[in-house]
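Biologist: I'd like to go through this model with you and ask where each label comes from. Can you set the values against the cut-offs as we go?

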Amino acid sequence: MVKLINDPALRIQNLSAIEVERIEPLDIPDLLRTIWRGKFLAFATASLFVLAAGYYAFAVASPQFAATTTLKVETDADPLTNPELAVTGLGTDNSALNTEVTMLQSRHLLGQVSKTLELETDPAFNRYLTPIAPWSITGIRNDLRDLLSGQKNIAPDAAAIREKTIENLAETISVQSVRDTYIFEITATTGDPATSAQVANALAQAYLDDQIIAKQAVTARAFDWLAARVYDLQLELESKETAVNDLIVANRAHDAAALDALSRQSMDTKQRLRDVRRALGDAEAKLNGFGASVTNAALSDRQRLEADVQRFVDQAAALEIFLGELDSQLASQSASLITLQQLQREANATRVLYETFLARLRETSVQRELHHADSRILAPATAGKYVAPRKILILLIAGALGLTLGILLVLGRKTLRKGITTTDMLTDLTGLPVLAQIPRLQLRKPGRLLDHLNAKPSSATSEAIRNLRTSLLLADPGNVPQVILSTSSVAGEGKTTQSIALAHNLAGMGKSVLLVEADIRQPGFNKYLDCTGRDLDPLLRGDMALEDVVSRDRRLGADILPGHPTPQNPADRFASPQFASFVAELRKTYDFIILDAPPVLPVPDARILAQYSDAIIYAVRWDKTDQRLVVAGKRALSDVNATITGTVLAQVDTQRLHHYGGVYMGQYGKAYFQN
């Protein structure tokens, strides 16, 4: 733990420091050692993956063959067609090219390919032709679906088969546009090389044919529309030309020159009328100049003037009548000419439109036979090449995945492992020395323990007990322990075995040894030794002598004080002054007294017995005892001021020890790790 000095910015009041947990740096060498120790698991996992992948690649997966047809979009204009009248071709921008890629994969074209190649009769595309085995995955799935839905699976009709065939065909087709080009690649992947080539080529040809058909359809619609429009314009032109002719005949309409001549005649008539009126005025003025009485000579002049006046009046009247007729005729001719010109303009416009559409109709009629696709096949597909399954790649990927999973399992096993597998782990956890590592004995019956120790004095177990004895006696050279307590966190950790083996080893040194079964709640010495348990109460009261209570197994070479369940609570008995006096008396009689105590955590007996002990041996079962239990047991003894002399890593699996970092000891190690 580290302490951080209080920072006002943290806004934490009434705290002078914050304790945070130190994050230990990643120990790469230890990580690599862990992976190496678990190499067999990692390799086994990788092997399983490779075997499964190999079975799939070589036995299950069907071989797939791919064939590719290459198309090129034509971007040059056709010199045989009028660009203004030709049907619009393909665009060359990305959107247009992507649209064509989608068109190549449309159900419309795939349906044509299916029909052309009769794929509905091919079991590779029409899977309804292949019977479904009742116990196959598909058959079981169909049965479950029918069971859950409550409906029987109905045989598909022709339309459903056709749609399913097209769907299966679509799964075999891939189309892509080559980047920065106007080239498409159509790839068909099937289980047969020839079929792959046929499908790819058929789809390319269907695409080209569809382009031509689409253009022909557009041209046909344009031709029909132009033909109908030309016919309507022809009728309209004939109607307007007839109206012009009828107007000319009915109104005798002339051209502008005739109208100008008539206008000039009207102007001349008006001028003559003005002249006649001027002459009439002059004649009337002269006539008014004669008096009432005139001579005979003047009378004739007057009569002549009167005759001139009358003549001028008649001429003026005639000219006015003629001028009115001219004006009427001029107005009529002008109106008729305007109407005629309007009709002629409309007729001319209709004639131009008619001639234009007639020309387009003729050109469209010619173009119907000149259409071609906007793309062409650059390279038709040949027999398909093998593309799947990629067996080597599958095996490599499966091996990599399996190896990765195996490593993760190894690391996860280490992370989740709560047991203790090495002496370093035990020392780091408890801060206590590890006195010995005792191998696990492969004995069918506990009673053969002493026979094994006597028969194999140089076995790994015997050597481990000697290490325990040496470490224990030399832990404090100036103060050799006399009363030795053997305990553990919980039951089943090997404390009784080590107590018996230690008593056997000490007795072999010629020392007087007493082995006391202090676990009288669940006594078990009778499984290992030839002894009979007796109640300690008469001995503690002084009613019986020690030699009357102890037993002796000749194989052990030491006295045995077996336990016997009593109504009195064992903790109360061990805490009594009588038991303290009893231990003091035993010290006078024996060189070593070994107390096989109950586990520390379930009952308080071991903590009480620790008060009488000179040394405490704490057994920890290899790879089994939870680290938290070890810490809790040590704390329980520390709370009563009992000091553990050292720990023993018991029941070590020597075959697996090296997987967890066990130290290799060469030839000595081999002997050490043999039972």
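Modeller: Sure, and keep in mind that this is a predicted model. Let's start with the largest nonpolar core, which has 41 residues; L561, F579, F582, L609 and L637 touch the most other members. Helix α19 (residues 577–589) gives the most to this core, with four residues.

Biologist: What makes a set of residues like that one a nonpolar core?

Modeller: Two conditions: its members are buried residues of nonpolar types such as Leu and Phe, and they are joined through side-chain atoms within 4.5 Å. L561, F579, F582, L609 and L637 belong to the core, so each of them counts as buried, under 20% relative accessible area.

Biologist: Which residues is L561 in contact with, leaving aside its neighbours within four places in sequence?

Modeller: The list is L514, L515, V516, E517, L536, V549, V550 and F582. Contact here means heavy atoms within 4.5 Å. There's also a second, separate core of 33 residues, and I465, I484, V513 and V648 are among its members.

Biologist: V648 also turns up in a strand, doesn't it? What is its bridge partner?

Modeller: V648 is in β15, and its partner is A436. Strand β8 (residues 434–439) runs parallel to β15, with four bridges joining them. Another pair of opposite residues is P439 and V652 of β15.

Biologist: How do you know that β8 and β15 count as paired?

Modeller: Pairing takes at least two bridges, and β8 and β15 have four, so they qualify. Strand β14 (residues 615–621) passes as well, with five bridges to β15, also in the parallel sense. On that side, R621 stands opposite A650 in β15. The chain gets from β14 to β15 through helix α21 (residues 627–639), and this β-α-β crossover is right-handed.

Biologist: Why is that crossover called right-handed?

Modeller: Because, with the strands pointing away from the viewer, the path from β14 over α21 to β15 runs clockwise.

Biologist: What makes you call β15 mostly covered?

Modeller: Six of the seven residues in β15 (residues 646–652) are buried. For β8, the count is five of six. Across the protein, 38% of the 675 residues count as buried.

Biologist: Turning to helix α3 (residues 94–104), which of its residues are buried?

Modeller: A96, L97, E100, V101 and L104. They cover an arc of only 145 degrees around the axis, which puts them on the same side of α3. The face turned away from that buried side carries N94, S95 and T102, which are exposed.

Biologist: Why does spacing along a helix matter for this?

Modeller: An α-helix has 3.6 residues a turn, so residues three or four places apart point the same way.

Biologist: And why is F322 called partly exposed rather than buried or exposed?

Modeller: Its relative accessible area is 33%. Buried needs under 20% and exposed over 50%, so F322 falls in between. F322 is found in helix α9 (residues 296–367), and leaving aside neighbours within four places in sequence, F322 is in contact with Q265 and T269.

Biologist: How far apart are F322 and T269 in sequence and in space?

Modeller: They're 53 residues apart in sequence and 7.8 Å apart in space, C-alpha to C-alpha.

Note on methods
Residues numbered from 1 in each chain as written. Predicted model: local features only at pLDDT ≥ 70, side-chain atom pairs only at ≥ 80, totals over all residues. Heavy atoms only, no water. Buried < 20%, exposed > 50% of the residue type's maximum accessible area, 1.4 Å probe, protein only. Helix = DSSP H or I, 4+ residues; strand = E, 2+ residues; numbered from the N terminus. Arc of directions from axis to C-beta.
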